[in-house]
Amino acid sequence: MIRDQETLTLLLDSIARFVRERLIPNEQEVADTDRIPAQLVAEMRDLGLFGLSIPEAYGGLALTMEEEVHVAFELAHASPAFRSLIGTNNGIGSQGIVIDGTEAQKRHYLPKLAAGQMIGAFALTEPGSGSDAGSLKTTALLDGDAYVLNGSKRYITNAPEADIFTVMARTDPVLTGSAAISAFIVERDTPGLSLGKIDRKMGQRGAHTCDVIFEDCRVPVGQLIGGREGVGFKTAMKVLDKGRLHIAAVCVGAAERMLDDALRYALEREQFGQPIAEFQLVQAMLADSKTELYAARCMVLDAARRRDAGEDVSTEASCCKLFASEMCGRVADRCVQIHGGAGYVADYAVERFYRDVRLFRIYEGTSQIQQLVIARNMIRSAR
Ligand code: COS
C-alpha cells in the first residue's frame with residue numbers, strides 16, 4: 001500500500017540522490033577500510049533511514065511494506081554494507097519489539113532505534129543451531145527478578161556496533177523444542193555479555209558480524225519481550241517473515257545495480273570492431289537477467305501489498321527470498337561474465353558485488369529453508 005505517492009516519490013528521489021552522490025562514491029573506501037565513515041552514518045540518520053519501518057508514534061517513518069521495499073530497491077543500488085547498517089534497526093533488530101513488545105518496551109527502545117542513536121541486533125543463530133533454530137541451547141533461567149542467560153550466539157550482524165540485542169533463549173530447562181524459547185532485549189553493557197572477535201567474511205566489508213557470549217548474564221524480568229515466556233520462537237519467525245521480504249527487495253536492487261554496470265560496460269567495451277553489447281551471446285545474458293529481475297520485482301511488490309492488506313505472507317515471503325536471492329546470484333555471475341577479465345579484478349564494482357551478494361542466499365534463512373517453509377505451508381493448507 002502506498003499511502004501518498006507524492007511523499008513517497010520525494011523520499012525515493014532523495015534516497016536515490018544520496019545513493020548516487022554519497023554512497024556509491026564511497027563504496028571503495030568502505031571496502032578498503034572495512035568501515036563506514038562516521039559522516040555518512042550521520043547523513044543516514046538525518047535521512048531517517050534507521051527508522052523506516054518503526055511506527056510514527058515512536059519516531060519512525062512508519063513505511064508500509066510496499067513503501068519499504070521501494071526504499072530497499074533504491075538503497076541496494078549501493079554496496080550492501082550500507083543497507084546492512086540500517087537493516088537491523090528496521091528489521092530483525094527492532095521488529096521483535098514492534099510486533100510483540102510491551103508498550104513500555106516500545107516506548108523505551110523504539111525512539112532510540114528510529115533515530116539511529118541505538119543499533120539493534122538479532123541473536124538467534126548459535127554455534128550448534130543455524131537452520132534448525134528451534135534447537136538453540138542458550139538458557140535464560142529465572143532467578144528472583146532476573147533471567148540468567150548462558151550460552152553463545154554466532155554470526156550476529158551488527159553485533160560489534162549493537163547497543164541492544166533481541167536474544168532467543170530457553171526459559172524452560174526441561175522442555176525441548178521451540179515451545180520453551182523466549183525472546184529478550186539485552187543491553188550491550190549488561191555484565192556477563194561479551195563479544196567475540198569480528199568475523200573475516202567473504203564480502204560485505206564494512207558490515208560486521210561476531211559471536212555474542214552470555215556468561216551468567218542477569219537480565220531484568222522486564223526485558224522479556226511481551227512479558228510472556230514460550231513465544232520467543234514465534235516472535236523470531238514473524239520477524240523473519242518480514243525480514244525475508246525486505247532481503248528479497250535488497251536482492252532486486254543489487255541485481256539492478258550489477259546489470260546497469262554490465263550494460264554500461266558492454267556498450268563501452270569493443271571487441272571485433274564493435275561494442276560487445278552488439279553480440280547476441282552477450283545480449284542473451286543481458287536479456288535473461290532483465291527478465292528474471294522483472295519477475296523478482298513483481299513478486300516482491302505483490303507480496304508486500306498482500307502483507308499490507310493483512311494477509312499472512314509467510315509462504316510468499318519465502319518464495320520471494322528464494323527466487324530473488326537465487327536470481328541475484330545468477331545475475332552476479334552473468335555480469336562478471338559480461339565484464340570478462342575486468343570482472344575478476346577489484347577495479348570494477350562487479351567483482352565486489354559478486355562476493356557481497358553471495359550472502360543473500362544464506363542469511364535470514366538459506367534457500368533450502370525457504371523451500372522447506374514453502375512446501376510445508378502448502379502441505380499444511382492442503383490437509
Ligand atoms: N509465524 C508465526 N509462527 C510461526 C511461523 C511464522 N512464520 N513459523 C512457525 N511458527 C510457529 C509454528 O506454528 C509452531 O507453533 P506451534 O508449536 O504452536 O504449532 C512453532 O512456531 C514451531 O514451528 P515449526 O514446528 O514449523 O518449527 P521447526 O522447528 O520445524 O522449524 C523452520 C521451522 C525450519 C522454518 C525454522 O527453524 C527456520 O526458519 N529456520 C531458519 C532460521 C533462520 O532463518 N536463521 C537465519 C538467522 S537469523 S538472520
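1. A salt bridge, as the term is used in this note, is a side-chain nitrogen of Lys or Arg within 4 Å of a carboxyl oxygen of Asp or Glu. With that in hand, welcome to the structure, which is a predicted model. It holds 21 salt bridges, and a few of them make a good place to start.

2. Take R352 and E27, which form a salt bridge with their closest N and O atoms 3.4 Å apart. This pair links distant parts of the chain, since R352 sits in helix α10 (residues 349-356) and E27 in helix α1, 325 residues apart. Is R352 buried or exposed? R352 is buried, because its relative accessibility is 8%. E27 is buried as well, with a relative accessible area of 2%.

3. The same two residues belong to a wider arrangement. Which residues are linked with E27 and R352 in a network of salt bridges? They are R257, D261 and R264. If you are looking at the model, E27 in helix α1 and R352 in helix α10 are handy starting points for tracing this network.

4. Another salt bridge to look up joins E126 and K153, whose closest N and O atoms are 2.9 Å apart. Here too the pair links distant parts of the chain: E126 is in the loop between β1 (120-123) and β2 (139-143), while K153 is in strand β3, and the two are 27 residues apart. Both E126 and K153 are buried.

5. For a salt bridge inside one helix, turn to R306 and D302, whose side chains meet at 2.8 Å, N to O. Why are R306 and D302 separated by about one helical turn? They are four residues apart in helix α8, so about one turn lies between them. In general, an α-helix has 3.6 residues a turn, so residues three or four places apart point the same way. R306 counts as partly exposed at 30% relative accessibility, and D302 does too, at 33%.

6. Helix α8 (residues 280-308) also holds S289. S289 counts as buried because its relative accessibility is 0%. Leaving aside residues up to four places away in sequence, S289 touches L259, V331 and R334.

7. Helix α3 (residues 65-75) deserves a look of its own. How many of its 11 residues are buried? The count is 10, so helix α3 is largely enclosed by the rest of the structure. Among the buried residues of α3 are M65, the acidic run E66, E67 and E68, and also H70, F73 and L75. What covers the buried residues of α3 includes α1 (5-33), α4 (80-90), α7 (232-268) and α8.

8. Next comes S314, found in helix α9 (residues 314-339). S314 is buried, because its relative accessibility is 15% and buried means under 20%. Which residues does S314 touch, not counting those up to four places away in sequence? They are D241, V373 and N377. For a sense of distance, the C-alpha atoms of S314 and G128 are separated by 25 Å, and these residues are 186 apart along the chain.

9. Two residues are worth checking for their backbone angles. Most residues other than glycine have a negative phi. Y155, in strand β3 (residues 146-157), has a positive phi of about 55° although it is not a glycine. N158, in the loop between β3 and β4 (164-170), likewise has a positive phi, of about 65°, and is not a glycine either. Are these residues buried or exposed? Y155 counts as exposed, because its relative accessibility is 56%, whereas N158 is buried, with a relative accessible area of 1%.

10. Finally, have a look at the surface. K197, R200, K201 and R205 gather there in a patch of positive charge. One of them, K201, lies in the loop between β6 (193-195) and β7 (209-220). K201 is partly exposed, its relative accessible area being 32%. That value fits its place in the patch, because patches are made of residues with over 30% relative accessible area and no salt bridge.

Notes. Residues are numbered from 1 along each chain as its sequence is written. This is a predicted model: local features need pLDDT of at least 70, side-chain atom pairs count only at pLDDT 80 or more; totals for chains, interfaces and linings use all residues. Side-chain values use heavy atoms; hydrogens and water are left out. Patches are made of residues with over 30% relative accessible area and no salt bridge: like charges are joined within 9 Å, nonpolar side chains (Val, Leu, Ile, Met, Phe, Trp, Tyr) within 5 Å. Accessible areas come from the Shrake-Rupley method with a 1.4 Å probe; for residues, only the protein chains shown count as cover. The place of a charge is taken as NZ of Lys, CZ of Arg, CG of Asp or CD of Glu. Buried means under 20% relative accessible area, exposed over 50%, partly exposed in between (1.4 Å probe, protein chains only). Contact means heavy atoms within 4.5 Å.
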